Amino acid sequence: DADPVAFSARFDEAEAALQQRILGAQARLDSVRLTDESLTTIAEVCAAFEVDGMRADIVTARAAVAHAAWHGRDEVSRADIRAAARLALPHRRRRNPFDAPGLDEDLLDQLLGTDEPEPDPTEPDRADPGPDGPSTDDTAESGEPEQSTDRSDPDRAGPSGSSADDPDRARSSQEPQQPNEPAPAATGHAPGAVVPTQVAKTTTPYRTRLFTASGVGTGEAGRRSRAITSTGRTIGAAPHSRRATPIHLAATLRAAAPHQLARGRQTGRLQLHADDLRTAVTEGRESNLVLLCVDASGSMAARRRMEAVKTAALSLLLDAYQRRDKVGLISFRGAEATLALPPTSSVDTAARRLEEMPSGGRTPLAEGLLCAAETLRLEKIRDPRRRPLLIVITDGRATSGPNALARAQQAAAYVGTLGVATVVIDCETGRFTMGLARDLSLLLQADYVAVSEVGADSIMNAVTTRRVAGPAPSRAGRAA
């Protein structure tokens, strides 16, 4: 703003060079050869990534020709096909709800070979001068020392000694030394001490049982809980309102019938008044807010429990995606609860937050329940028609803060008075259990489900087992 002419002049040379390169590529475009071998390779790539239709093949071929012309080549190379596939295929390929976007680079390299790919076409060419001066190649040739980009450079490392640009290395630094058992401080640490963390992996999600909100709601159409919606089976009729809703013909005629003798005496025809109009009342399914409240404390990290917890939560998120629900994610560990993801329709984001969620430390169960109550209160103000479904995934232990168990019981009793449909998923495993999660479900007025019974197949297996085994033997029979 201070000197726009001078500012624009700084980029004149770079823009002129870019303009000439574009004009040269446009002039060269018609002469670029796309061989039958290259067409076959493009078809193989599109087939390998399960892309439907021929549009992806056509777009990839045209982009490869344009990429070759941009780099001054007369024939499409494998590097051009690689660059074109990265631009044309990611948003066209089939993928599951929680699959990462983009392409599998390893599969792409296997299909195209191991030759070194060209630079990303979205990045400026290194041979072209930038707006602020010569390129890094020119700087290197002038004798100036190059800046090291090695991620092992200690100056670029974060506080934990890992590179700030390498999230995988930063994450690996948080992996536990002994994944089967928590560190000694994982279940009890001094106030103010750093809580040891670990990031458990998830396994393949499975089809879950259908958890619903009790009663009949009036929310947006979906696939979870019963509700009065615009679609579904007709269960009655109501006086017609000014909304654009279809008329229930049979109910309208029944409402007008008692008045026809007086109305039709002169004309002999059916007489309808506005008060006779009726609208069908239909019952279908609504979408809900599924709020996951996950215990990420050290007791959950023991004996690979957290892996089962995350897999169950991921399966519930997949179920919420299929049923068009909104989702939210709360985790509690150490001394506090964190709203890891406010209620949103982006289930993909919730899955990523769940995947990255660390575990370790004490169990602030009371804080987790109170955070859930506050989140539900605010969401009811924003979206009053959408009914919530609170799913608490925990083993029921409470170890953080003074009188931890008493405060957790008090918080659970409070949440139980809110009238929110709640499910407690008990993650306690082993031969001997304390039953704390079951007691928690009573205070929450919630349904109780063991983590091993979250899957839909567990119900079918139980039913099948009962049918095959027949009725349970009597006490005398068992003694015999």
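This tour moves through a predicted model, beginning with its confidence and then visiting salt bridges and a surface patch.

Start by colouring the chain by pLDDT, which averages 78, with 73% of the residues scoring at least 70. Select helix α14, residues 365-382, where the confidence is highest in the chain at a mean of 96, and then helix α18, residues 475-479, where it is lowest, at 39. Next select residues 121-194, over which pLDDT stays under 50 and for which the model has 68 contacts beyond four places in sequence. The stretch 462-480 also has a pLDDT below 50, but beyond near neighbours in sequence it has one contact in the model. Where pLDDT is low, the predicted coordinates should not be read in detail.

Now turn to the charged side chains, among which the count comes to 19 salt bridges. Select Arg33 and Glu75, which form one of them, with their closest N and O atoms 3.0 Å apart. The pair links distant parts of the chain, since Arg33 sits in the loop between α2 (12-28) and α3 (36-48) while Glu75 sits in the loop between α4 (55-70) and α5 (78-88), 42 residues apart. Arg33 counts as partly exposed at 47% relative accessibility, and Glu75 is partly exposed too, with a relative accessible area of 33%.

From there, select Arg82 and Asp109, whose side chains meet in a salt bridge at 3.3 Å, N to O. Arg82 belongs to helix α5 and Asp109 to helix α6 (residues 105-112), so this pair ties together parts that are 27 residues apart in sequence. Arg82 counts as buried because its relative accessibility is 2%, whereas Asp109, at 30%, counts as partly exposed.

The next pair to select is Glu220 and Arg385, a salt bridge whose closest N and O atoms are 3.4 Å apart. Glu220 lies in the loop between α8 (167-172) and β1 (221-229), and Arg385 in the loop between α14 and β7 (388-394), so the pair ties together parts that are 165 residues apart in sequence. Glu220 is partly exposed at 44% relative accessibility, and Arg385 is partly exposed at 45%. After this pair, select Arg224, Asp319, Arg323 and Asp325, which are joined into one network by salt bridges that share partners.

Finish with a surface view and select Leu249, Leu253, Leu270 and Leu272, which make a nonpolar surface patch of about 380 Å². Within this patch, Leu249 lies in helix α9, residues 249-256, and counts as exposed because its relative accessibility is 59%.

Conventions: Residues are numbered from 1 along each chain as its sequence is written. This is a predicted model: local features need pLDDT of at least 70, side-chain atom pairs count only at pLDDT 80 or more; totals for chains, interfaces and linings use all residues. Side-chain values use heavy atoms; hydrogens and water are left out. Patches are made of residues with over 30% relative accessible area and no salt bridge: like charges are joined within 9 Å, nonpolar side chains (Val, Leu, Ile, Met, Phe, Trp, Tyr) within 5 Å. Accessible areas come from the Shrake-Rupley method with a 1.4 Å probe; for residues, only the protein chains shown count as cover. A salt bridge is a side-chain nitrogen of Lys or Arg within 4 Å of a carboxyl oxygen of Asp or Glu. Helices (H or I, at least four residues) and strands (E, at least two) are DSSP runs, numbered from the N terminus. Buried means under 20% relative accessible area, exposed over 50%, partly exposed in between (1.4 Å probe, protein chains only). pLDDT is the predictor's confidence in each residue, from 0 to 100. Contact means heavy atoms within 4.5 Å.
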